[in-house]
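Thanks for sharing this one with me. I have put my notes in numbered points, so you can follow them with the structure open beside you.

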Amino acid sequence: MRPTPSLARKLTRLRLTTKQAANRGGYYKGTGSGPMGRHTKHGGYIIEWHKVRTYVVPAELENCK
């Protein structure tokens, strides 16, 4: 079963999702996060503290509930 030609044209203009684009060259959106360490050859994981994200709370929010 095929969609009508006018519907098929509209479908091709829609934004690709990551599942649709996986077959078209490997587009992967991701989450914006990166590795914070590395794996060892013995199966462990070493955290590299210079890669860990730290968040600074603004001064006016410290007394907030």
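What percentage of the 65 residues in the chain do buried residues make up?

1. The answer is 5%. Please keep in mind throughout that this is a predicted model. As for the surface, the chain exposes about 6,900 Å², and carbon and sulfur atoms supply 57% of that area.

2. On to the secondary structure. The chain holds two helices and two strands, and reading along the sequence gives the pattern α-α-β-β. Strand 1 covers residues 37–39, and strand 2 covers residues 45–47. The points below deal with these strands and the segment after strand 2.

3. I would look at Glu48 next. Glu48 lies in the segment after strand 2. Its relative accessibility is 16%, and because buried means under 20%, Glu48 counts as buried. When neighbours within four places in sequence are set aside, Glu48 is in contact with Met36, Gly37 and Arg38.

4. How many salt bridges does a search of the whole structure find? There are two. In one of them, the side chains of Glu48 and Arg38 meet, with an N to O distance of 3.1 Å. This pair links distant parts of the chain, with Glu48 in the segment after strand 2 and Arg38 in strand 1, 10 residues apart. The C-alpha atoms of Arg38 and Glu48 are separated by 7.5 Å. The two side chains also make a polar contact, again at 3.1 Å.

5. Arg38 deserves a point of its own. Arg38 sits in strand 1 and has a relative accessible area of 44%, so Arg38 counts as partly exposed. Its partner Glu48, by contrast, counts as buried at 16%. Leaving aside neighbours within four places in sequence, Arg38 is in contact with Gly44, Tyr45, Ile46 and Glu48. Tyr45 in that list belongs to strand 2, while Glu48 comes from the segment after strand 2.

6. Which residue forms a salt bridge with Glu48 besides Arg38? Lys51 does, and the closest N and O atoms of Lys51 and Glu48 are 3.1 Å apart. Lys51 has a relative accessible area of 37%, so Lys51 counts as partly exposed. Salt bridges that share partners join Arg38, Glu48 and Lys51 into one network. Glu48 is the shared partner here, as Glu48 pairs with Arg38 and with Lys51.

7. Finally, please have a look at the surface patch. Tyr45, Ile47 and Trp49 form a nonpolar patch there, with about 370 Å² of accessible area together. Tyr45 is placed in strand 2. Is Tyr45 buried or partly exposed? At 42% relative accessibility, Tyr45 counts as partly exposed. Tyr45 thus appears twice in these notes: as a member of the nonpolar patch and as one of the contacts of Arg38.

8. To pull the notes together, Arg38 is a good residue to start from on screen. From Arg38 in strand 1, you can go to Tyr45 through a contact and on to Ile47 and Trp49 in the nonpolar patch. You can also go from Arg38 to Glu48 through the salt bridge, and then from Glu48 to Lys51 through the other one.

Key. Residues are numbered from 1 along each chain as its sequence is written. This is a predicted model: local features need pLDDT of at least 70, side-chain atom pairs count only at pLDDT 80 or more; totals for chains, interfaces and linings use all residues. Side-chain values use heavy atoms; hydrogens and water are left out. Patches are made of residues with over 30% relative accessible area and no salt bridge: like charges are joined within 9 Å, nonpolar side chains (Val, Leu, Ile, Met, Phe, Trp, Tyr) within 5 Å. Accessible areas come from the Shrake-Rupley method with a 1.4 Å probe; for residues, only the protein chains shown count as cover. A salt bridge is a side-chain nitrogen of Lys or Arg within 4 Å of a carboxyl oxygen of Asp or Glu. Helices (H or I, at least four residues) and strands (E, at least two) are DSSP runs, numbered from the N terminus. Buried means under 20% relative accessible area, exposed over 50%, partly exposed in between (1.4 Å probe, protein chains only). Contact means heavy atoms within 4.5 Å. A polar contact is a pair of N or O atoms within 3.5 Å; within protein, one must be able to donate a hydrogen and the other to accept it, and residues adjacent in sequence count only if both atoms are side-chain atoms.
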